Amino acid sequence: MALKAVHVSDVPHLDQVPDNALLEICPNRVSKGVELGGNAFRASKFLVIGHRGNGMNMLQSSDRRMRAIKENSILSFNAASKFPIDFVEFDVQVTKDNFPVIFHDDFILSINNGTVFEKRITELSLPEFLYYGPQNDSQEGNCLLRKTHDGKIVNWNVETDDRLCTLEEAFQKVESSLGFNIELKFDDHIVYDHSYLTSVLQAILQVVFENAKERPIIFSTFLPDAALLVRKLQATYPVFFLTNGGTELYHDVRRNSLEEALKLCLEGGLQGIVSEVRGIFRNPGTVKKIRESELSLLTYGKLNNVAEAVYMQHLMGIEGVIVDLVQEMTEALADLITSTKVIGTGEEGKEEGSEGNEGKVKAEGDIKPQFSERELSFLLKLIPELIEL
């Protein structure tokens, strides 16, 4: 494991990168489907992004798929890469000795002699962090626990476990054509000063610039100041603002609606918004406003594990979704989005422009049904009545 200490002073000229560097990205998956011109990030295909890799862990869920592979792990990222997705999304924090690591929760929990210990990720050193959970050798690491949404503490048991990992390891060990949606993770209950944010973001950026090569990268964060700052520190990769879209309220009003998210992006030169999908379905008219502002729009949330809800977003002009059930959603979307039809030539059973190919069909990818504006408007008005918000 080749790791190098990162210091703020080691990051050279992060504000002097090319404005259109993303145009040089050319992996097999998304190079022809993503463009960055000026401030606009545009995907010419509907993007599917694996949430924390192959899907987040819900340890108390009755659905085994939510406990199949350890989230935010190398195994999970590479498992997701076997399906036709474009990015994996994961959470990055920085340890006290300046190493970017991949972990979702603000705190890590373990048990010793019957007592549960809770430690903040950013207060651990890298060796301390990596000593939780499975180890590379036969040595047994600290038991890894997790607090569920209802406050219960349970063993973090999954069917296929894996070590905790660093951001650098992800670049080195994950399929190189798979894009990374790097969520810059901060605690909602802490007010961060500018110098701390700068130090953390530069530590992350150094690893990205040293290792990304041709891999597509998107930065995203719920913290408005972090979104604005990472945009100022670099112009190579697009920055998206994460929002609950008004489904939850926060002290910082910039986080409380899609309208505020749109305002923040326009004022800060960000490239797009990642919204909780319920916020979009509650206020579908904002999709047009966002796209008219030359911003991209992605969504996340449990409804993105329902194929029909995802397909409706495709019809609405949303550019991509973050999903947990990677295999199921990619298969369902292939059926829904890709359609085939027989094109008549005046002779039944022949394809247009061909000779003697009876019954042959011509595949047309990414075809949308021809709804009138009135019909689509009716569907959008109907959604909030059909879905429990």
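Is Arg65 buried, partly exposed or exposed, and at what relative accessibility? In this predicted model, Arg65 counts as partly exposed, its relative accessibility being 42%. The side chain of Arg65 meets that of Asp63 in a salt bridge with an N to O distance of 2.7 Å, and Asp63 is likewise partly exposed, with a relative accessible area of 22%. Since the limit below which a residue counts as buried is 20% relative accessible area, the value of 22% places Asp63 in the partly exposed class.

The salt bridge of Arg65 and Asp63 belongs to a set of 17 found in a search of the whole structure. Side chains of opposite charge can pair when their charged atoms come close. Another of these contacts is formed by Glu169 and Lys173, whose closest N and O atoms are 3.3 Å apart. Both residues lie in helix α3 (residues 167-173), where, being four residues apart, they are separated by about one helical turn. An α-helix has 3.6 residues a turn, so residues three or four places apart point the same way. The two partners nevertheless fall into separate accessibility classes: Glu169 is buried, with a relative accessible area of 3%, whereas Lys173 counts as partly exposed at 45% relative accessibility.

A further salt bridge is made by the side chains of Arg254 and Asp225, at 3.1 Å from N to O. Arg254 is placed in the loop between β13 (239-243) and α6 (258-268), and Asp225 in helix α5 (residues 224-233), so that this pair ties together parts that are 29 residues apart in sequence. Arg254 is partly exposed, with a relative accessible area of 22%, and Asp225 is also partly exposed, with a value of 37%. In addition, a network of salt bridges links Arg52, Glu71, Asp105 and Arg146.

Strand β3 (residues 47-51) has five of its five residues buried, and it is therefore largely enclosed by the rest of the structure. In a regular strand the side chains alternate between the two faces of the sheet. In β3, Leu47, Ile49 and His51 point one way, while Val48 and Gly50 point the other way, and all are buried. The strand is joined by four bridges to strand β16 (residues 320-323), with which it runs parallel, and it pairs, again in the parallel sense, with strand β4 (residues 87-94) over three bridges. Ile49 takes part in both pairings, since its bridge partner in β16 is Ile322 and its bridge partner in β4 is Phe87. Together with helix α1 (residues 74-80), strands β3 and β4 make a right-handed β-α-β unit.

Strand β4 also contributes to the aromatic contacts, of which the structure holds ten pairs. The ring centres of Phe90 and Phe180 are 5.0 Å apart and the ring planes stand at 75 degrees, so the pair is edge-to-face. Because Phe90 lies in β4 and Phe180 in strand β11 (residues 179-184), this contact ties together parts that are 90 residues apart in sequence. Both Phe90 and Phe180 are buried, and the two residues form one aromatic cluster with Phe77 and Phe171.

Phe103 and Phe129 form an aromatic pair that is also edge-to-face, with 5.9 Å from centre to centre and 90 degrees between the planes. Here Phe103 lies in the loop between β5 (100-102) and β6, and Phe129 in helix α2 (residues 126-130), so the contact ties together parts that are 26 residues apart in sequence. Phe103 is buried, with a relative accessible area of 4%, and Phe129 is buried with a value of 0%.

Helix α9 (residues 307-316) is largely enclosed by the rest of the structure, because nine of its ten residues are buried. The buried residues in α9 are Ala307, Ala309, Val310, Tyr311, Met312, Gln313, His314, Leu315 and Met316. The helix is followed by Gly317, which has a positive phi near 100 degrees.

At the surface, Ile111, Val116 and Ile153 make a nonpolar patch of about 220 Å². Of these residues, Ile111 is placed in strand β6 (residues 107-112) and is partly exposed, with a relative accessible area of 39%.

Technical notes:
Residues numbered from 1 in each chain as written. Predicted model: local features only at pLDDT ≥ 70, side-chain atom pairs only at ≥ 80, totals over all residues. Heavy atoms only, no water. Buried < 20%, exposed > 50% of the residue type's maximum accessible area, 1.4 Å probe, protein only. Helix = DSSP H or I, 4+ residues; strand = E, 2+ residues; numbered from the N terminus. Patch = residues over 30% accessible without salt bridge, like charges linked within 9 Å, V, L, I, M, F, W, Y side chains within 5 Å. Areas by Shrake-Rupley, 256 points an atom, 1.4 Å probe, with all protein chains shown as cover. Salt bridge = Lys/Arg side-chain N within 4 Å of Asp/Glu carboxyl O. Pairing = 2+ DSSP bridges. Right-handed = clockwise from strand over helix to strand, strands pointing away. Phe/Tyr/Trp six-rings, centres within 6.5 Å; stacked < 30°, edge-to-face > 60°.
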